[in-house]
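Dear colleague,

Please find the structure below, followed by a short account of what was found in it.

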Amino acid sequence: MIFIVLGTHELPFQRLLKVVEEEIKAGNITSDVMVQSGHTSYESEHMKLIPFMTYHEMEAYYQKADYIITHGGTGSITTAVKMGKKLIAIPRLHKYGEHNDDHQLEIVRQFTESGHILSWNEDGPFSDVIRQISSFHPAPFVSGRKKILSIIEDFIAHEGKRN
């Protein structure tokens, strides 16, 4: 099963669904496709769309999915990365009225460069990325929480000695 996540942003993101639908019709995607569609209206005979889900429903679909296709939202990406899931991210773009600006380009670029995800930015056929996903091995998630807490604790300890 493939899980598509469009998030909850109020602007529609039909471009992602159209490109996936084209791959289904071309036979490049043969798995069942479940979509968390948010505010995006779309009719499909090939995908099951549910606008909004609870946290637990989303988590179950993430776990069950062979891979995830998502918009470039940080929460949607990090959920998959922390689970070690294969993920393709497609950033929402301002020029198509999908977002207020192009900040998702940078988010997706950072996760792609770190080896956590694959991405598609209209820079070639989407089918090329679909073919890559089966052999893709995402870089494991490593939390920086302990390091950040250590820096904060060290700062507090030294700041108290200065006063």
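**Findings**

Helix α1 (residues 14-25) has 12 residues and spans 16 Å from its first C-alpha to its last, close to the 16 Å expected at 1.5 Å a residue; the expected span is 1.5 Å times one less than the number of residues. Helices here are DSSP runs (H or I, at least four residues) and strands likewise (E, at least two), numbered from the N terminus.

This is a predicted model, in which local features need pLDDT of at least 70 and side-chain atom pairs count only at pLDDT 80 or more, while totals for chains, interfaces and linings use all residues. Residues are numbered from 1 along each chain as its sequence is written, and side-chain values use heavy atoms, with hydrogens and water left out.

The buried residues of α1 (under 20% relative accessible area, 1.4 Å probe, protein chains only) include Leu16, Val20 and Ile24. Among the elements covering the buried residues of α1 are β1 (2-5) and α5 (126-133). Just after α1, glycine 27 takes a positive phi of about 85°.

The largest nonpolar core (buried Ala, Val, Leu, Ile, Met, Phe, Trp, Tyr and Cys residues joined through side-chain atoms within 4.5 Å) has 25 residues, and those with the most contacts inside it include Ile4, Leu16 and Ile88. Its largest share, five residues, comes from α1. A second, separate core of 18 residues includes Met53 and Phe111.

In contacts (heavy atoms within 4.5 Å), Glu59, Tyr62 and Gln63 of α2 meet Ser76, Thr79, Ala80 and Met83 of α3.

Yours sincerely

Conventions: Buried < 20%, exposed > 50% of the residue type's maximum accessible area, 1.4 Å probe, protein only.
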